[in-house]
Amino acid sequence: MVHRAQHRKPTTENRKPVTFSLSGRLTLTIVANVLLTAALVLFARQWWPVVLLLAVFVAIWSARYVSRRITRTIEAVGDGVRGFRDGDFSVRLVVTGEDEIADLMRLYNEVGEVLRAQRNDIYQKELLLDTILQRTPVGVVLINAADRIIYSNAAARELFAAGRRLDGSRFAEVVGPAPETLREALHSGGDSLFTLRLSEQEETFHLSQRVFHLNTQQHRLVLLERLTPELRRAEVTVWKKAIRLINHELNNTIAPISSLFHSARRAQELPAHRHKLGEIYETIEERLTFLRAFLESYAQFARLPEPSRQRIDWNDLLDDVRALYSFRLEGNVPAEGYVDPAQLEQVLINLLKNAHESGSDPNEITITIQRAVDGTILRICDRGRGMDEATMRQALLPFYTTKAGGTGLGLALCTEIIEAHGGRLNLSAREGGGTVVTCWLPQ
């Protein structure tokens, strides 16, 4: 009844019509038993108890004979369905007869062929996807609701465990020994940008995290992309842009000044026009003042001095900044910090300025200062437009800006100041919308 059939394409085109149905057979058996019993009673009335007993025996035997095939078929189909449940789609039934039972067995075999073909198709797609993921430079980790890693590719294994196996491990234990910047980025729960020191050089990574449901269970997907080569290419691009911008502004100033000097020379030679010299000199001074301020903004980034760290009162520093940009202070503020007050004030001013220009409600702009085991954590949060993935990739690059008339030096200057203090600056998306800038400063 049951065998492992050769894989063949299922078809319903060659089915033969049912010639004698199962219900017809049952009806015929019952009618035959009744007629046989009546005939025996008529011809042997004196032996009617024996005849009746014989008729009952024949009826039972014929019923068992008819039902035996149904029972065997049900058992065989049950075995096959249990095989389906266990992922075995190779069980096939031997089809005999042309009744409803045979039709059911053919249908079962066709369903088995369809399921086997679909499983093989899914397996091939999974194999292709795994091959792609294993070769991608982006680290991929999939974590289930129990915090167990159920999938990791080669890039993730190299980053988290020096190439060792990760599947089956608890994710919290895997990231426990990881650098603080990576753990902070994972703790944020969203997209973020952070820096690690690998192989004696700084490497920048972009972290993406997504939560979704798989088989009704919550899972977390973590993607880690190394951005250093991309950022280096982008850095060359923005330097070229900066050079073009500086050249453009210099030409826009030098050309008018050259023309004004020519006009001043003519006015000096002609006494009737000497009264125009004052206006000409004022215009020249305005253009030179603008050029000086323009170049000073770039020079400030290039000649940032070493921080002069000293003990400060955080509340005094925050009061000075609040006079320029409003914010809401969350939590308790540590009594003291050990920073360069002028440089840290510049960092706060730049970050709060960005927060206000992001379109955030001023009441949603917050500052949090917390004492950590090995330093101080400073966070500035807003509810503005936030940054898409492309913007976040380049936001810390010098001269990169999305603002009309912006210099692209604000965040880059903040990063330089924080790193000059021996700290780190990270960007991440705020849950519910907006941006979070996290600064870690050593003690």
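How many helices and strands does the protein have? In this predicted model, the protein has twelve helices and 14 strands. Of its 443 residues, 36% count as buried, and among contacts between residues at least 6 apart in sequence, 58% join residues at least 24 apart.

The packing of helix H10 (residues 341-357) against helix H12 (residues 410-420) was examined in detail. Two packed helices are described by the angle between their axes and the distance between the axes. For H10 and H12, the axes come within 9 Å and cross at roughly 145°, and the crossing in which H10 passes H12 is left-handed. On the side of H10, the residues that take part are Gln343, Leu344, Gln346, Val347, Asn350, Leu351 and Asn354, and these meet Gly410, Leu411, Leu413, Cys414, Ile417 and Ile418 in H12. By class, this contact between H10 and H12 comprises eight nonpolar and five polar residues, with no charged residues.

Both helices also contribute to the largest nonpolar core, as described next. In soluble globular proteins, nonpolar side chains tend to be buried together. The largest nonpolar core of this model has 30 residues, and the residues with the most contacts inside it are Trp314, Leu348, Leu351, Ile367 and Leu378. Two or more residues are given to this core by each of helix H9 (314-322), H10, strand E11 (366-372), strand E12 (375-381), H12, strand E13 (424-429) and strand E14 (435-442). The largest share, seven residues, comes from H10. Leu351, which is among the residues of H10 that meet H12, is in contact with Ile380, Leu411, Cys414, Val437 and Cys439 when its neighbours within four places in sequence are left aside. A second core, separate from this one, has 20 residues and includes Val141, Ile143, Ile149 and Val222.

Charged side chains were considered separately, and a search of the whole structure finds eleven salt bridges. One of these lies in helix H9, where Arg322 and Asp319 are three residues apart, about one turn of the helix, and where the closest N and O atoms of the pair are 3.2 Å apart. Arg322 is partly exposed because its relative accessible area, 34%, falls between the 20% and 50% cut-offs, and Asp319 is likewise partly exposed, with a relative accessible area of 45%.

In helix H10, Glu357 and Lys353 are four residues apart, again about one turn of the helix, and their side chains meet in a salt bridge with an N to O distance of 2.9 Å. Glu357 counts as partly exposed at 36% relative accessibility, while Lys353, with a relative accessible area of 31%, is partly exposed as well.

A further salt bridge is formed by Arg383 with Glu364, the closest N and O atoms being 4.0 Å apart. This pair links distant parts of the chain, with Arg383 in the loop between E12 and helix H11 (389-394), Glu364 in the loop between H10 and E11, and 19 residues separating the two. Arg383 has a relative accessible area of 31% and is partly exposed, and Glu364, at 30% relative accessibility, also counts as partly exposed. Elsewhere, Arg92, Glu113 and Arg116 are joined into one network by salt bridges that share partners.

Conventions:
Residues are numbered from 1 along each chain as its sequence is written. This is a predicted model: local features need pLDDT of at least 70, side-chain atom pairs count only at pLDDT 80 or more; totals for chains, interfaces and linings use all residues. Side-chain values use heavy atoms; hydrogens and water are left out. Axes are lines fitted to C-alpha atoms, for helices over the stretch in contact, and angles run from 0 to 180 degrees between N-to-C directions. A crossing is left-handed if the near helix is turned anticlockwise from the far one by less than a right angle, and right-handed if clockwise. Contact means heavy atoms within 4.5 Å. Ala, Val, Leu, Ile, Met, Phe, Trp, Tyr, Cys and Pro count as nonpolar, Asp, Glu, Lys and Arg as charged, and the others, Gly among them, as polar. A nonpolar core is a set of buried Ala, Val, Leu, Ile, Met, Phe, Trp, Tyr and Cys residues joined through side-chain atoms within 4.5 Å. Buried means under 20% relative accessible area, exposed over 50%, partly exposed in between (1.4 Å probe, protein chains only).
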